[in-house]
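Work through the following exercises with the sequence and the structure at hand. Each task is followed by a solution that goes step by step.

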Amino acid sequence: MRLRRSLDFLLAIIAVVSVAMVFLSHEDPFVRIAVCTYIGPCPTVAHAKAWYKVFYDLGIGALVSLAFYLLVVRPPDYQRRQRLKRSLSAHYKAFRKGCARRCPRQD
């Protein structure tokens, strides 16, 4: 269970970083301009347009991968855990009924 929480936390961080990458490296620099005016002058990089395109594509790829993970991996895993819980509950109830029939209470 602890590993699952760590994975969920890591996936949330990846999602936030990916959204930031998409907005900050978009072709239309509306977010970059807003951030640079808020924090001060931003450094400029040679061939920045190519780097922005790479970061934008990485951000979109990460978001699409997370969406597919949430659609393809999570529901079957959740359903498997629910089936296991129902099965264990049914076995436990059968065990209790069997014990109640075989072992009468002694008062």
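**Exercise 1.** In this predicted model, determine how many salt bridges there are when a side-chain nitrogen of Lys or Arg must lie within 4 Å of a carboxyl oxygen of Asp or Glu.

*Solution.* Applying this rule to the model gives a count of five salt bridges. One of them joins the side chains of Asp 77 and Arg 4, with an N to O distance of 2.6 Å. This pair links distant parts of the chain, since Asp 77 belongs to helix H4 and Arg 4 to helix H1, 73 residues apart.

**Exercise 2.** Find which residues are linked with Asp 77 in a network of salt bridges, and classify each residue of the network as buried, partly exposed or exposed.

*Solution.* Begin with Arg 80, which forms a salt bridge with Asp 77 in which the closest N and O atoms are 2.9 Å apart. Because Arg 80 and Asp 77 are three residues apart in helix H4, about one helical turn separates them. Next, the side chains of Asp 77 and Arg 81 meet in a salt bridge at 3.9 Å, N to O, and these two residues, four apart, both lie in helix H4, again about one turn of the helix. Together with the pair formed by Asp 77 and Arg 4, these salt bridges yield a network of Arg 4, Asp 77, Arg 80 and Arg 81.

For the classification, buried means under 20% relative accessible area and exposed over 50%. Asp 77 has a relative accessibility of 17% and therefore counts as buried. Arg 4, at 22%, counts as partly exposed, as do Arg 81 with 26% and Arg 80 with 44%.

**Exercise 3.** Decide whether Arg 74 is buried or exposed, and list its contacts beyond four places in sequence.

*Solution.* Arg 74 lies in helix H4, which comprises residues 74–102. Its relative accessibility is 19%, so Arg 74 counts as buried. Leaving out residues up to four places away, Arg 74 touches Arg 4, Leu 7, Asp 8, Leu 11 and Tyr 69.

**Exercise 4.** Describe how helix H1 packs with helix H3, giving the angle, the handedness and the classes of the residues in contact.

*Solution.* Helix H1 (residues 2–24) and helix H3 (residues 48–72) pack at an angle of about 145 degrees, and their axes are 8 Å apart. The crossing of H1 and H3 is left-handed. Among the residues that meet are Leu 7, Leu 11 and Ile 14 from H1 and Phe 55, Leu 66 and Tyr 69 from H3. Sorted by class, the contact of H1 with H3 contains 15 nonpolar residues, two polar ones and no charged ones.

How values were computed. Residues numbered from 1 in each chain as written. Predicted model: local features only at pLDDT ≥ 70, side-chain atom pairs only at ≥ 80, totals over all residues. Heavy atoms only, no water. Buried < 20%, exposed > 50% of the residue type's maximum accessible area, 1.4 Å probe, protein only. Contact = heavy atoms within 4.5 Å. Axes fitted to C-alpha atoms, helices over the stretch in contact; angles between N-to-C directions. Left-handed = near helix turned anticlockwise from the far one by under 90°. Nonpolar A, V, L, I, M, F, W, Y, C, P; charged D, E, K, R; others polar.
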